Amino acid sequence: MQKFFYILLFISTLSNEIFTDQAYGLKDSYDIRVELQGSDKVSINGGMQEALMILIVQVTGSSKILDNLNAKNLLNDPQKYISEYRLDNNEKGYLQGSFSFNGSLIRKALIENKLPLWTGRSSTILVYLPCLTESINSLNLRTDLVDSCSSSKQEIQIISSGRLSSVTFPSMDLIDLNLLDTFQPLPPSVFMSKISKRYNLSNWLMCFNRNDFGVLLENPQCISSFNGNTDTLVNSLNELIDLMNNETQLVINTKLETTVPVTIKNVRDQDDLEEVLENIGSNILVKNINLKTIKDDNIRLSLKLMGSRLDFKKIMVASEDFDHSPDDKDRMTLRFIYKKRI
């Protein structure tokens with residue numbers, strides 16, 4: 001399963017434009033490309049299923065979601081979520097299928113099946129591979145060590161991209177090297193905690209391709225900002241991203257109904273009003289919307305929601321059309337600022 005999951009992530013990175021201002025879980029549509037065995041119906045259906053597997057991992061923000069029985073059930077009929085598809089050849093000449101999934105249908109399926117919806121955005125992880133520093137500073141480093149290091153770096157970049165995260169590597173300039181020397185007697189996690197502050201990043205990964213005796217490892221071992229115990233590169237990186245995504249995941253209680261007063265600021269004219277009402281009305285949690293008052297550039301709404309007040313707030317904060325208003329003295333009323341599109 002792990003090997004298959006890695007292959008899917010590799011395929012997904014070939015074409016996805018993933019780094020946008022919009023929260024990935026709230027997109028209108030998703031375009032996923034996968035290589036196909038042929039142009040026959042069986043191959044195309046298999047490609048649809050692979051593409052949906054990739055999308056489910058990305059939209060839920062969980063690498064383990066495909067172990068969930070409800071998630072597996074969604075794979076039985078992937079075509080119901082697809083708006084259109086086309087076949088073409090990729091840059092290497094291999095046949096591929098480009099599948100466009102309907103965002104609203106995907107979100108509805110997740111909510112109905114009690115699966116998480118990831119409302120976060122792309123995050124950056126600081127990655128340190130000691131072997132990279134060794135490769136730069138040594139003229140006679142063994143070829144197998146250099147190849148192993150290069151392979152580890154590429155694998156990290158591929159997996160993180162497929163998981164909608166980005167990675168950056170420390171420059172290992174004099175400041176970084178001095179920090180390394182300073183904290184050398186201490187556990188590696190101490191050095192990583194210190195150096196990550198220099199790069200203004202809270203999440204980090206450190207991987208080793210040799211053991212304490214200098215013997216090359218078949219599978220590089222890593223520690224992370226969430227787990228100081230060593231594990232394989234694939235497991236460590238996926239676990240790190242899973243935990244990073246936890247804070248912005250929603251699992252909606254479809255049996256819960258909530259009525260919430262909401263104030264929207266910066267609604268300046270009739271066009272703004274219509275756009276705001278259409279936007280909020282299309283929110284998957286909103287069952288009913290009632291315009292209460294209009295005063296200056298503020299409107300007051302009463303919303304009947306599926307799920308909780310906090311669920312709705314998280315989706316609104318994740319939206320590219322609204323900011324959460326700091327003027328939130330009334331704890332019952334949710335306040336947002338409308339960001340008019342130019």
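## Internal cavities and positive phi angles

In this predicted model, the count of cavities of 30 Å³ or more comes to two. The second largest cavity has a volume of about 40 Å³, and its lining is formed by L52, I56, L74, Y81, I106, A109 and L110. Sorted by residue class, this lining holds seven nonpolar residues, with no polar and no charged ones. Two helices, α2 (41-60) and α4 (103-112), each supply at least two residues of the lining of the second largest cavity, and α4 gives the most, with three residues.

A separate feature concerns the backbone. Most residues other than glycine have a negative phi. Against that background, M172 has a phi near 55 degrees, a positive value in a residue other than glycine, and N266, which is not a glycine either, has a positive phi of about 70 degrees. The table sets out these two residues with their angles and places.

| Residue | Phi | Loop |
|---|---|---|
| M172 | near 55 degrees | between β6 (166-168) and α7 (174-182) |
| N266 | about 70 degrees | between β11 (257-265) and α10 (270-281) |

Are these two loop residues buried or exposed? M172, in the loop between β6 and α7, has a relative accessible area of 13% and is therefore buried, the cut-off for that term being under 20%. N266, in the loop between β11 and α10, has a relative accessible area of 17%, so N266 is buried as well.

Note on methods
Residues are numbered from 1 along each chain as its sequence is written. This is a predicted model: local features need pLDDT of at least 70, side-chain atom pairs count only at pLDDT 80 or more; totals for chains, interfaces and linings use all residues. Side-chain values use heavy atoms; hydrogens and water are left out. On a 1 Å grid over the protein atoms alone, a cavity is a set of points where a 1.4 Å probe fits but cannot get out, and a pocket is an open set with protein on both sides within 12 Å along at least five of seven lines; lining residues have an atom within 4 Å of a point. Grid points are joined across faces, edges and corners, and a volume is the space filled by probe spheres set on the points. Helices (H or I, at least four residues) and strands (E, at least two) are DSSP runs, numbered from the N terminus. Ala, Val, Leu, Ile, Met, Phe, Trp, Tyr, Cys and Pro count as nonpolar, Asp, Glu, Lys and Arg as charged, and the others, Gly among them, as polar. Buried means under 20% relative accessible area, exposed over 50%, partly exposed in between (1.4 Å probe, protein chains only).
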